[in-house]
Every structure is written in C-alpha cells, then in structure tokens.
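Look at the structure below and find the ligand. The text that follows goes from its polar contacts to the residues around it and then to the pocket.

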Amino acid sequence: MSERTLVLVKPDGVARGLVGEVIARIERKGLKLAALELRTADRATAEQHYAEHDGKPFYGDLVDFITGGPLVALVVEGVRAIPAFRQLAGGTDPVEKATPGTIRGDFGTEVQYNLVHGSDSAESAEREIKIWFPNL
Ligand code: DAT
Ligand code: MG
C-alpha cells in the first residue's frame, strides 16, 4: 500500500550540491515526489520537527545546524516509502552505521552532518508532513 514520508535534504546536503543526487536515488528506487520546497527553517519549525530530541546533549547544535541555511523539504510517496527511504539514507552515523551504497554512507563522515532526514514511522511521517506542508 502506498504511503508518504517526510524527507529533508539538510543544509549540509544543499551546500554540497547533493540535492539532485538525493532526488535521483529516490526516483530510481521507484518512489514519487508529492511535494518539494527549498526553504530556510525557522527555529519554531526545527524545534517541532526535532521535539523528540529536546533535552539531549546534541539538541541545541542540531537546531542551530538545521536552521543555519537553506534545506529542501520533500514529501515522498510510494509503496513502503517510509522504510524504503530510511534504507536509502543509511544509519544515523555515516561511518559507523551507514554502509557504502547509502546516501549517508557514500557522502557523510560526521553524525551531525548526515545530509538527509527521513521519517521513522507512520506516526512520525504524519506529524512531520503537517509541520512542513500544513496545506498538503
Ligand atoms: P535519524 O536522523 O537517523 O532518524 P535520530 O532521529 O536519532 O537519527 O537523530 C536526529 C539527528 O540528530 C541525526 O540525524 C543527527 C543528530 N544526532 C543524532 N545523534 C547524535 C549524536 N550523538 N551527536 C550529534 N548529533 C546527533
Ligand atoms: Mg530520527
């Protein structure tokens, strides 16, 4: 059954010119783009998006980083889109957890600068799509 997931190409991915690379991988996987926008997130949006990490030692830096430059927000649609994009992204740590062949494993070295976000469950996807694309 088709489902939707919220994907971000984070500011590091945009700054490094990897937007096309990420979108190409999404499309080659067989997933579809349902929404796409380049924007700089304000603090309120970033804090809502990362609410589950509030209180963790890296939370402040994470919000600074995600609001620090333009990012690309996408809604991606398709059969098993949520786990399919998490598989394309690779594990959170681009060296220890993400294998070559994944976005993070191919392009990242630092956990904070891991290039992309993808919703981790149906509940997260619904919550995050509302934050980034309230009119969708
Ligand atoms: P994911 O993005 O794989 O869902 P997450 O939800 O656990 O990972 O964390 C959200 C983001 O926070 C992650 O993409 C990068 C950052 N982050 C996670 N753990 C971190 C750590 N130990 N140090 C610095 N940044 C971290
Ligand atoms: Mg997460």
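A polar contact is a pair of N or O atoms within 3.5 Å. In this predicted model, one such pair joins Arg86 to ligand 1: a polar atom of the Arg86 side chain is 2.8 Å from an oxygen atom of the ligand. Thr92 also takes part, with a polar side-chain atom 2.5 Å from an oxygen atom of ligand 1. For Asn114, an N or O atom of the side chain lies 2.8 Å from an oxygen atom of ligand 1. Ligand 1 on its own exposes 520 Å², and the protein buries 75% of that area.

Which residues are around ligand 1? They are Lys10, Tyr50, His53, Phe58, Leu62, Arg86, Thr92, Arg104, Val111 and Asn114. Sorted by class, this shell has four nonpolar, three polar and three charged residues. Tyr counts as nonpolar in this sorting, so Tyr50, a member of the shell, falls in the nonpolar class.

Where does ligand 1 sit? Its place is the largest pocket. That pocket holds about 420 Å³ of space. Its lining is made of 19 residues, and the closest to the pocket centre are Tyr50, His53, Phe58, Thr92 and Asn114. Two elements give two or more residues to this lining: helix H4, residues 59-66, and strand E4, residues 116-118. The lining of the largest pocket divides into four nonpolar, eight polar and seven charged residues.

Thr92 and Asn114 link the two parts of this description. Each has a side-chain atom in a polar pair with ligand 1, and each is listed among the residues closest to the centre of the largest pocket.

Conventions. Residues are numbered from 1 along each chain as its sequence is written. Chains are lettered from A and ligands numbered from 1 in the order in which they are written. This is a predicted model: local features need pLDDT of at least 70, side-chain atom pairs count only at pLDDT 80 or more; totals for chains, interfaces and linings use all residues. Side-chain values use heavy atoms; hydrogens and water are left out. On a 1 Å grid over the protein atoms alone, a cavity is a set of points where a 1.4 Å probe fits but cannot get out, and a pocket is an open set with protein on both sides within 12 Å along at least five of seven lines; lining residues have an atom within 4 Å of a point. Grid points are joined across faces, edges and corners, and a volume is the space filled by probe spheres set on the points. Helices (H or I, at least four residues) and strands (E, at least two) are DSSP runs, numbered from the N terminus. A residue is near a molecule or strand if one of its heavy atoms lies within 4 Å of it. A polar contact is a pair of N or O atoms within 3.5 Å; within protein, one must be able to donate a hydrogen and the other to accept it, and residues adjacent in sequence count only if both atoms are side-chain atoms. Accessible areas come from the Shrake-Rupley method with a 1.4 Å probe; for residues, only the protein chains shown count as cover. A molecule sits in a cavity or pocket if more than half of its atoms lie within 2 Å of its grid points.
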